[in-house]
Amino acid sequence: MVLLTAAALGCAPRPPVTAGASSDVTRVSLVGLDGGAASLGTALAQRPTLVSFWAPWCDPCVRELPALERLAQAASPCGAAVVGVAVGEPPEKIAPFVRARRLSYPQFTDESFALADALGQRRIPATVVFDRTGNVVFVGHALDARATAALAAASPGCSLP
């Protein structure tokens with residue numbers, strides 16, 4: 001696990017958002033791999049969504065990418081989604097990395113750590129699950145059974161691996 005300090009992020013410390021908290025982070029801007037702007041709300045698209053914060057230089061992050069791809073494939077028929085958010089890197093660096101690994105789930109960049117800061121995330125990998133209304137229902141570190149269970153619980157009738 002990699003710890004990102006407030007000084008390294010260039011921002012003031014903010015307490016982490018916890019599950020059950022109503023956090024209006026849906027307006028935070030992200031950048032798509034094509035360089036276009038999008039908000040987190042657009043990425044969530046009123047679906048239960050697992051957001052994975054990662055970076056290409058973070059070995060634990062890279063190791064969990066195949067599991068996230070499998071989860072994305074399983075979640076899609078249920079109306080749920082997986083979204084990747086690469087922190088601290090520009091889209092032109094992330095796009096070829098994602099293509100080389102054939103990741104099909106949506107990827108965005110948070111080069112200035114705006115979303116990571118809004119959610120109080122200082123470590124990567126980090127996992128945040130949102131329900132279909134945009135409320136945080138789970139906050140954790142690396143992808144694990146608790147994160148998958150939270151996404152499944154936010155997606156009634158969905159059985160996830």
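Strand 8 (residues 126-130) and strand 9 (residues 136-140) run antiparallel and are joined by 4 bridges; two strands are taken to pair if DSSP finds at least two bridges between them. Helices (H or I, at least four residues) and strands (E, at least two) are DSSP runs, numbered from the N terminus. Thr127 faces Gly140 of strand 9 across this pairing. The two strands make a hairpin with 5 residues between them, and in the turn you'll find Gly134 with a positive phi of about 90°. Just ahead of the hairpin, look for the cis peptide bond between Ile124 and Pro125, with omega about 0°. Pro125 itself sits in the loop between strand 7 (123-124) and strand 8.

A word on what you're looking at. This is a predicted model, in which local features need pLDDT of at least 70 and side-chain atom pairs count only at pLDDT 80 or more, while totals for chains, interfaces and linings use all residues. Residues are numbered from 1 along each chain as its sequence is written, and side-chain values use heavy atoms, with hydrogens and water left out. pLDDT is the predictor's confidence in each residue, from 0 to 100; its mean over the protein chain is 87, and 86% of the residues reach 70 or more. Residues 1-16 are the stretch to treat with care: pLDDT stays under 50 there, and the model has 37 contacts for them beyond four places in sequence. Contact here means heavy atoms within 4.5 Å.

Now for the overall picture. The protein chain has 6 helices and 9 strands, and 52% of its 161 residues are buried. Buried means under 20% relative accessible area, exposed over 50%, and partly exposed in between (1.4 Å probe, protein chains only). Of the contacts between residues at least 6 apart in sequence, 67% join residues at least 24 apart.

Strand 4 (49-54) is a good place to look inside: 6 of its 6 residues are buried. In a regular strand the side chains alternate between the two faces of the sheet. Here both faces are covered, with Thr49, Val51 and Phe53 buried on one side and Leu50, Ser52 and Trp54 buried on the other. Strand 4 runs parallel to strand 5, and 6 bridges join the two; one of the pairings puts Val51 opposite Val83. Helix 6 packs here too: its buried residues lie against strand 4, helix 3, strand 5, strand 8 and strand 9. Those buried residues are Ala147, Thr148, Ala150, Leu151 and Ala152.

Val83 turns up again around Phe108, which it touches along with Leu30, Val31, Gly32, Ala38, Ala43, Gly84, Val85 and Ala86, leaving aside residues up to four places away in sequence. Phe108 belongs to strand 6 (residues 107-110) and is buried, with a relative accessible area of 12%. Take its contact with Ala38: the two are 70 residues apart along the chain, yet their C-alpha atoms are separated by 8.5 Å.

The loop between helix 2 (40-44) and strand 4 holds Ala45 and also Gln46. Both have a positive phi without being glycine, near 50° for Ala45 and near 55° for Gln46. Ala45 is partly exposed at 42% relative accessibility, whereas Gln46 is exposed at 67%.

On to the cysteines. The structure has 2 disulfides, counted as pairs of cysteine sulfur atoms within 2.5 Å, and they follow the pattern 1-2, 3-4 along the chain. Cys58 and Cys61 are joined at an S to S distance of 2.4 Å; the torsion about their S-S bond is about 75°, so this disulfide is right-handed. Cys58 is buried at 1% relative accessible area, and Cys61 is buried at 1% as well. The other disulfide joins Cys78 to Cys158, S to S 2.1 Å, and is right-handed with 80° about the S-S bond. Cys78 lies in the loop between helix 3 (59-75) and strand 5 (81-87) and Cys158 in the segment after helix 6 (145-153), so the pair ties together parts 80 residues apart in sequence. Cys78 is partly exposed at 31%, while Cys158 is buried at 9%.
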